[in-house]
Amino acid sequence: MKKEHFKFGTKTIHAGVEPDPATGAIMTPIYQTSTYVQEKVGEHKGYAYSRSLNPTRDALEKALAALENATYGACFGSGLAAIDCVLKMLKPGDEVITSNDLYGGSYRIFTGVFKQFGIRFHFVDMNELKNVEEKINSNTKLIWTETPTNPIMNIVDIKALSKIAQNADVLLAVDNTFATPYLQRPMDLGADLVMHSVTKYLGGHSDVVMGALVTSKKAVADEIYRIQNSSGAVPGPMDAFLVLRGLKTLHLRMQRHSENGARIAHFLQDHPKVKNVYWPGFENHPGHAIAKKQMSDFGGMISFSLQENNAEAAHRVMEKFEVFSLAESLGGVESLTCHPATMTHAAIPAKEREAVGVVDSLIRLSVGVEDVDDLLQDISQALA
Ligand SMILES: *Cc1c(COP(=O)(O)O)cnc(C)c1O
């Protein structure tokens, strides 16, 4: 049986990894080496220098490509370094159409770094895809999207967006960090490129910062590897090993994140002190029908606002949590909470923030894989 025919839960354990050719070790060794001895000048075993290629990173890159049903994978020192690589494929004068509801760091690298090199960014509401079509012109080279979005959990229709991109001969890149390939595989829906903050669910244990890109287009992969090697934002072999290990339980973790998420979303919805709950599993969520089509489940990211809509009320609740930890980041085994208005989205003016639903009392949860009864009890006592 060929590995590419494996089902997802088998791929998470077997894709990309082979017994070590030198020793038969079943776990990919941590090749903690910068260089490789050459038998003769120019004659080596495929590895010349670890910025260009390292066996531990190589195994992880293959595993990530396989999980996303892509051909090529590349890992970077962070999610933002992966985004940086994509943007370096562009030239001054090129235009990018992206969402107005975007991870804050993506917004920052677009406007704070690449704008000054002559790349133009259009931020549109991707709930209406005609907004994307309206911005396409002969300079458009890239459409960049993210779904579900942070922290309001809006859903973008990847398949419909990929048709628009194909018709215009523009690359479509999807930040698949929130969903992971367990819940959603953008390549199967027509995306050209998938990006991950591996830091989050793929690593899954809050112990690594890393990014990744995957694609099936040879020309795009060649560019990615050229920039990966030229700019050098590569992760080390120890981190690659930790993520290889984390991946082996991705399907188990995501299943539990989704089960716990569903229980908590419903609990919050019925709670008298809670106003709105943002979770794409609800039938009245505006993106529910598309989420049901393009995702296999709804994951563990939930945001909710309080009836008492001010930051102090939100802070009071968050300080009472005993199991949920107050921290940036998401996607680890442990439950985390954050306050978008003063943490992740503090840089956005209050009026703009509130227009997209990020009100002062909004609390974001990254629901972990703990026993759900303890999580429900924790939320219940914190809200009381
Ligand atoms: C965290 C995150 C990033 C950035 O990744 P880093 O690994 O922190 O550089 C990009 N997109 C999304 C959706 C994220 O959550």
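These legends describe an overall view and several close-ups of a predicted model.

**Figure 1. The whole protein, built from 14 helices and 12 strands.** The C-alpha trace spans about 75 × 50 × 35 Å along its principal axes. A compact globule of 384 residues would have a radius of gyration near 21 Å, and the protein agrees with 21 Å. Of its 384 residues, 53% count as buried. The exposed area is about 17,100 Å², and carbon and sulfur atoms supply 52% of it. Contacts often link distant parts of the sequence: among those between residues at least 6 apart, 71% join residues at least 24 apart. The protein carries 38 positive and 44 negative charges, and their mean positions lie 5 Å apart.

**Figure 2. Helix H6, residues 158–168, and its buried residues.** Ile158, Leu161, Ser162, Ile164 and Ala165 are the buried residues here. They lie on the same side of H6, because they cover an arc of only 160° around the axis. An α-helix has 3.6 residues a turn, so residues three or four places apart point the same way. Which residues are exposed on the other side of H6? They are Gln166 and Asn167. The buried residues pack against two helices, H5 (130–135) and H11 (288–294), and two strands, E4 (140–146) and E5 (171–175).

**Figure 3. Two cis peptide bonds, at proline 148 and at proline 151.** Most peptide bonds are trans. Threonine 147 and proline 148 are joined by a cis bond, with omega about -5°. The bond from asparagine 150 to proline 151 is also cis, with omega near 0°. Proline 148 sits in the loop between E4 and H6. Proline 151 is found in the loop between E4 and H6 too.

**Figure 4. Asparagine 176, in the loop between E5 and helix H7 (180–183).** Is this loop residue buried or exposed? Asparagine 176 counts as buried, because its relative accessibility is 0%. Leaving aside residues up to four places away in sequence, asparagine 176 touches Glu68, Pro181, Gln184, Pro186, Val194, Met195 and His196.

**Figure 5. Glycine 79, in helix H3 (residues 79–87).** Glycine 79 has 7% relative accessibility and so counts as buried. Beyond residues up to four places away in sequence, glycine 79 touches Met195, His196, Ser197, Met210 and Gly211. Serine 216 is 137 residues from glycine 79 along the chain. The C-alpha atoms of these two residues are separated by 19 Å.

**Figure 6. Threonine 337, in strand E11 (residues 336–338).** Threonine 337 has a relative accessible area of 2%, so this residue is buried. Residues up to four places away in sequence are not counted in what follows. Threonine 337 touches Met318, Phe321, Phe324, Ser325, Leu326 and Ala327. Ile363, Arg364 and Leu365 are also among its contacts.

**Figure 7. Positive phi at asparagine 69 and serine 206.** Most residues other than glycine have a negative phi. Asparagine 69 has phi near 55°. Asparagine 69 is in the loop between helix H2 (55–67) and strand E1 (72–76). At 32% relative accessibility, asparagine 69 is partly exposed. Serine 206 has a phi of about 55°. Its loop runs between strand E6 (193–197) and strand E7 (211–215). Serine 206 is partly exposed, with a relative accessible area of 47%.

How values were computed
Residues numbered from 1 in each chain as written. Predicted model: local features only at pLDDT ≥ 70, side-chain atom pairs only at ≥ 80, totals over all residues. Heavy atoms only, no water. Helix = DSSP H or I, 4+ residues; strand = E, 2+ residues; numbered from the N terminus. Rg over C-alpha atoms; globule rule 2.2 N^0.38 Å. Buried < 20%, exposed > 50% of the residue type's maximum accessible area, 1.4 Å probe, protein only. Contact = heavy atoms within 4.5 Å. Areas by Shrake-Rupley, 256 points an atom, 1.4 Å probe, with all protein chains shown as cover. Lys, Arg positive; Asp, Glu negative; His and termini not counted. Charge placed at Lys NZ, Arg CZ, Asp CG, Glu CD. Arc of directions from axis to C-beta.
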